[in-house]
Every structure is written in structure tokens, then in C-alpha cells.
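Q: Could you take a close look at one part of this model and set it in its surroundings? I would like a connected account, with every cut-off stated.

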Amino acid sequence: MSTERAEPVPTRQLVGDALACPRCGQPGLLTARYPHAWYGRTGQVIRGFKEAVLCAVCDRGEAAAEDVIALVDTQGQIGPENPELFLRCAVSWIDHARGREPDIAVLADEEQCWRSGEL
Ligand SMILES: [Zn+2]
């Protein structure tokens, strides 16, 4: 019988359930939900949440997203050696995602489709 203690085997960690990408419909790698506020018609502050989905396809080429994509495998897991790096990269990506503005032309097209009954 050995007196050596077995070291725990590092395992990969699931970074969380992700929604499908709203742009391409493929499974997302990560979903961030963060507080958001806007002004209503009467000027009152309305508080809620926004979500951003990290997509390995649609977010390619965006530096903050690429840093996170490099750490998450296709099953949405990160290796045991990267939790701190993952956290820093994810916070950076969320900061970037929070600054995104909607594409007004895409919204107008979707509104037109909705009004015409195509959606
Ligand atoms: Zn996508």
C-alpha cells in the first residue's frame, strides 16, 4: 500500500451555458448577462439586462473575442491552467461587447420584415 497521496487530476471546466448566436444560429461559446439602463418616453430610467453571445464564427477577427475563443474548446470548456487568464480575457470581451451599438440598417430591415409578416 502506497503512502503517497494522489494528486487531484486537473479537469476542464465548463464556462457556462451559452445561448445560440443571434447572428448565425450556431451554439455560442459563452453568454454574458450584464446590467443595462435606458430612458423611457417620459425620461424615466428603465433598468434591465442585456446579453452578449460569444460566437466562434461571427466574432472571429475581433481581438477581445479571439483571446477568449482561444481558451474555450468546442464543448465550452477551459483547461485547468487558464482560469485567471480566462477571467481577464472574458472581462475584456464583455467590456468590448457592452460598447457595441446596434446596426440601424439591420434593425430597419428586420422591422420591415416584421411589419410585412415575414418574421
Ligand atoms: Zn454566430
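A: What follows begins with the model as a whole and then turns to a single helix and its surroundings.

This is a predicted model, in which local features are described only at a pLDDT of at least 70 and side-chain atom pairs only at 80 or more, whereas totals for chains, interfaces and linings use all residues. Residues are numbered from 1 along each chain as its sequence is written. The pLDDT, the predictor's confidence in each residue on a scale from 0 to 100, averages 84 over the protein, and 87% of the residues score at least 70. Confidence is highest in helix α1 (residues 63–69), with a mean of 93, and lowest in strand β1 (residues 13–14), with a mean of 62. Where pLDDT is low, the predicted coordinates should not be read in detail.

The protein has three helices and four strands, taken as DSSP runs numbered from the N terminus, with helices being H or I of at least four residues and strands E of at least two. Along the sequence they follow the pattern β-β-β-α-β-α-α. Of the 119 residues, 16% are buried, a residue being buried if 20 or more other C-beta atoms lie within 10 Å of its own, exposed if 12 or fewer do, and partly exposed in between, with C-beta atoms placed from the backbone. Among the contacts (C-beta atoms, placed from the backbone, within 7 Å) with a separation of 6 or more, 53% link residues 24 or more positions apart.

The part to examine is helix α2 (83–98). Its 16 residues reach 22 Å from first C-alpha to last, close to the 22 Å expected at 1.5 Å a residue, where the expected span is 1.5 Å times one less than the number of residues. The buried residues of α2 are Phe86, Cys89, Ala90 and Trp93. These residues lie on the same side of α2 because they cover an arc of only 105° around the axis, the arc being that of the directions from the helix axis to the C-beta atoms. An α-helix has 3.6 residues a turn, so residues three or four places apart point the same way. On the face turned away from the buried side of α2 are the exposed residues Glu84, Leu87 and Asp95. Aspartate 95 counts as exposed because 11 C-beta neighbours lie inside 10 Å, and its C-alpha is 9.0 Å from that of alanine 64, although 31 residues separate the two in sequence.

The cover over the buried residues of α2 includes β2, β3, α1 and β4 (77–78). The largest nonpolar core, meaning a set of buried Ala, Val, Leu, Ile, Met, Phe, Trp, Tyr and Cys residues joined through C-beta atoms within 7 Å, has 16 residues, and Leu29, Leu54 and Val68 make the most contacts inside it. At least two residues of this core come from each of β3, α1 and α2, and the largest share, four residues, comes from α2.

Two of those core residues show how the surroundings are joined. Leucine 54, with residues up to four places away in sequence left out, touches Trp93 as well as Gly28, Leu29, Leu30, Asp59, Ala65 and Val68. Leucine 29, in the loop between β1 and β2, counts as buried because 25 C-beta neighbours lie inside 10 Å. Beyond its neighbours within four places in sequence, leucine 29 is in contact with Ala18, Leu54, Cys55, Ala56, Ile69, Val72 and Gly76.

Of the elements covering α2, strand β2 (residues 30–39) is itself hardly covered, with one buried residue among its ten. β2 runs antiparallel to strand β3 (residues 45–54) and is joined to it by ten bridges, where pairing requires at least two DSSP bridges. The two strands form a hairpin with five residues between them, and glycine 43 in the turn has a positive phi of about 90°. Valine 45, in β3, is exposed because 8 other C-beta atoms lie within 10 Å.

Notes
Two residues are in contact if their C-beta atoms, placed from the backbone, lie within 7 Å.
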